[in-house]
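Subject: the model, and what turned up in it

Hi,

Here is the structure I promised to pass on. Have a look at it first, and then read on for my notes.

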Amino acid sequence: MERSFYLDLAHRGLCMPIGADLLLHECETPGNVELDGRALGKVLLRTAMRYGKPLAFPLMNLRLEKADLADYLGIGEGEADSFHFETVPSRELVEEWSAAQGRAFPAQHQASHGALRFVATETDLLPVGMLIGPFSLTTKMLADPISPVALAGLGAQGNDDPALLRFERCLQLATATVLRAAVAQIESGAR
C-alpha cells in the first residue's frame, strides 16, 4: 500500500469508528468468536462493510501484550491484569524474552493474528495492526509507575534508584513484547 492511499483517505476527511468490539458483541457467543481467528476476521469484515470503510481494524484489546509476557512468566491468564513487577527484572530475563520471538502466543493473540490473516487473504480490505505502546505497557507492569518516571524526568538513572531500574528493565521487556507482537501482526498480513 502506498503512502498516497492514506493521504487520500485523510484528504477526503475519512472518519471512522473502530467498531469491531461493537459488532463482536452482536454475535451470539462473542467469547467463542474472540478465540476463533476466522470468525473474528469475519467480524472485522462486517465492521468495515457496515461503516463503508476500506480498513479492517482488529479489536482494541490493549491487554494482549501484557498477557503474552505474563504467560511467558508462568502467570495465569486471570492474574495477568493485576500482575506487577515487585522486584527488578534481571538482565537475563530481558535477554531471554527478547530472544523469544518464535514462541507461541496465547489463544487471544493467535485469534487476532488469524483474523488479520483472514482479512489479508480473503478480502480486499486493508488489514491494520493494533498494539499498545511500550511506555503504556510499562506503566501497566508496575504498581507505581509515576515515581520512577518522575525521577527519570529529574535526570536520575537506574543505578541511582531501584524503582527507576525496575522501570527501565520493564520498559525493555515492554519494548521486546510490543516488537514481538508487531512482527507477528505483520507476518499475519497487517499493513
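A quick definition before anything else: two residues are in contact when they have heavy atoms within 4.5 Å of each other. Please keep in mind that this is a predicted model, where local features need pLDDT of at least 70, side-chain atom pairs count only at pLDDT 80 or more, and totals for chains, interfaces and linings use all residues. Residues are numbered from 1 along each chain as its sequence is written, and side-chain values use heavy atoms, with hydrogens and water left out.

With contact settled, let's start at His109. This residue touches Leu64, Glu65, Asp68 and Ala181, leaving aside residues up to four places away in sequence. His109 sits in helix H7; helices here are DSSP runs of H or I with at least four residues, strands are runs of E with at least two, and both are numbered from the N terminus. Is His109 buried or exposed? It is buried, because its relative accessible area is 3%, and the cut-offs are under 20% for buried, over 50% for exposed and partly exposed in between (1.4 Å probe, protein chains only).

His109 has company in H7: Ala111, Ser112, His113, Gly114, Ala115, Leu116, Phe118 and Val119 are buried too. What do the buried residues of H7 pack against? Their partners are helix H4 (37–51), strand E1 (55–56), H5, strand E2 (126–127) and helix H10 (162–187). The length of H7 works out as well: at 1.5 Å a residue, its 16 residues should span 22 Å, and the end C-alpha atoms are indeed 22 Å apart. The expected span is 1.5 Å times one less than the number of residues.

Stepping back to the whole chain, there are 10 helices and two strands, in the order α-α-α-α-β-α-α-α-β-α-α-α along the sequence. The C-alpha trace spans about 55 × 40 × 30 Å along its principal axes. Of the 191 residues, 39% count as buried. If you take contacts between residues at least 6 apart in sequence, 76% of them join residues at least 24 apart.

Next, the pocket. The largest pocket has a volume of about 300 Å³, and 16 residues line it, with Leu64, Ala67, Glu77, Pro106 and Gln108 nearest its centre. For the terms: on a 1 Å grid over the protein atoms alone, a pocket is an open set of points, where a 1.4 Å probe fits, with protein on both sides within 12 Å along at least five of seven lines, and lining residues have an atom within 4 Å of a point. Grid points are joined across faces, edges and corners, and the volume is the space filled by probe spheres set on the points.

Which helix gives the most to that lining? H5 does, with four residues. Helix H5 (64–72) and helix H7 (107–122) each supply at least two. By class, the lining has eight nonpolar, four polar and four charged residues. Here Ala, Val, Leu, Ile, Met, Phe, Trp, Tyr, Cys and Pro count as nonpolar, Asp, Glu, Lys and Arg as charged, and the others, Gly among them, as polar.

Now the aromatics: the structure holds three aromatic pairs. Phe83 and Phe85 make one of them, edge-to-face, at 5.0 Å centre to centre and 75° between the planes. Rings of Phe, Tyr and Trp (its six-membered ring) pair if their centres lie within 6.5 Å; planes under 30 degrees apart are stacked, over 60 edge-to-face and the rest tilted. Phe83 is partly exposed at 21% relative accessible area, whereas Phe85 is buried at 10%.

Phe135 and Phe167 form another edge-to-face pair, with 5.8 Å between centres and 65° between planes. Phe135 lies in helix H8 (residues 134–140) and Phe167 in helix H10, so this pair ties together parts 32 residues apart in sequence. Phe135 is partly exposed at 45% relative accessibility, while Phe167, at 6%, is buried.

Lastly, a few positions towards the outside. Ser82, in the loop between H5 and helix H6 (91–98), counts as exposed at 52%. Gln172 in helix H10 is partly exposed at 42%, and so is Ala150 at 40%, which is in helix H9 (residues 146–153).

Cheers
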